Amino acid sequence: MVQVDVFWSYALGASFATAACRQLSKEDKPFANKFFSSTVLFLACLFAPSGVYLLWQFPHWETMQVATCRDDLPAWLVTAFAVTNITQGVLGFWISYHFIRQKRFFAASMQIFLGYFFMVFILLYGWDGTGWQRFLYDATVNGGILWKPGMHMGLGFLKSNVALTLLGMGVAIVPALYLPMIAWIRTGLYHDPDITADEVPSPLKLAIIITAVCFGLNIALAAGAAVVCAIAGRIIGNVGIGILIGIPVSLIAYRFLLFAPGRPGYKAYSLLFVKEPK
């Protein structure tokens, strides 16, 4: 979606950099290595085109029900959308790289959290509390009837044209995301003298860790923040102010309750390293 892909792209770039943290810690230049090249190829050849296809085929859904048809999409918006789907990924990779070079590996992994947190928050809550409704509605299987607050398809969305298209895209995108990450993590571990061969997770275990940490944990935390924003907005009587209060409060709480050293969130993200490199 237009509103979330800039955050998703950022998280993807950070994910690739974090997966190659042991290798990148020895690279003097952020953009002159195979890890960055592979990241850009993924963004340019798979991620950005998939977003443009969805925007063209389902302009209402891809804009979170803001646009009603293709004619509502100015050329500059489509162009900017395609470009930022790449540039934001480059930004995520670059920032994570600099944390890695400073030996701040957990800070590098937190770029994954930030990207996915804001992505999922917008999908669940949006800017007016109806994000999940907008997500779970496809006008192409509802006689072209445009979305209005309160309308959604629930689990029926899984049979929609949008959902089937996403499933088809996932067949190509998910392996292209997971396979390099798993390979880079394992290669880095095998070349780390502080890691024994028995400590290197299997590809399946790493896939489970990546899914649980990058998606499962972040969905739960974004959902928690959405609840805080909803409560704040209801108390104050303004959704926008509720978001401005709820997000900082949630992030500060997560920082000290979950992501401080030794806390559950810290331990969960540390699984991506097995042991933090020296």
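Is Lys-103 buried, partly exposed or exposed, and what is its relative accessibility? In this predicted model, Lys-103 counts as partly exposed because its relative accessibility is 41%, a value that falls between the 20% limit for buried and the 50% limit for exposed. As for where to look, follow helix 5 (75-101) to its end: Lys-103 sits in the loop that leads on to helix 6 (105-124). Its backbone is worth a glance too, since Lys-103 is not a glycine and yet has a positive phi of about 65°.

Now move along the chain to Val-274, in the segment after helix 11 (264-270). Here again a residue that is not a glycine has a positive phi, about 70° for Val-274. With a relative accessible area of 29%, Val-274 is partly exposed.

Let us turn from the backbone to the pockets. The largest pocket has a volume of about 980 Å³. It is lined by 35 residues, and those closest to its centre are Trp-8, Met-119, Phe-135, Leu-166 and Phe-215. To trace the walls, start with helix 1 (2-19), helix 3 (34-57) and helix 4 (59-62), then go on to helix 6, helix 8 (161-190) and helix 9 (203-236); each of these supplies at least two residues of the lining. Helix 8 gives the largest share, with nine residues.

What is the lining of the largest pocket made of, by class? There are 28 nonpolar residues, together with five polar and two charged ones.

Notes: Residues numbered from 1 in each chain as written. Predicted model: local features only at pLDDT ≥ 70, side-chain atom pairs only at ≥ 80, totals over all residues. Heavy atoms only, no water. Helix = DSSP H or I, 4+ residues; strand = E, 2+ residues; numbered from the N terminus. Buried < 20%, exposed > 50% of the residue type's maximum accessible area, 1.4 Å probe, protein only. 1 Å grid on protein atoms, 1.4 Å probe; cavity = no way out; pocket = protein on both sides within 12 Å on 5 of 7 lines; lining within 4 Å. Points joined across faces, edges and corners; volume = space filled by probe spheres on them. Nonpolar A, V, L, I, M, F, W, Y, C, P; charged D, E, K, R; others polar.
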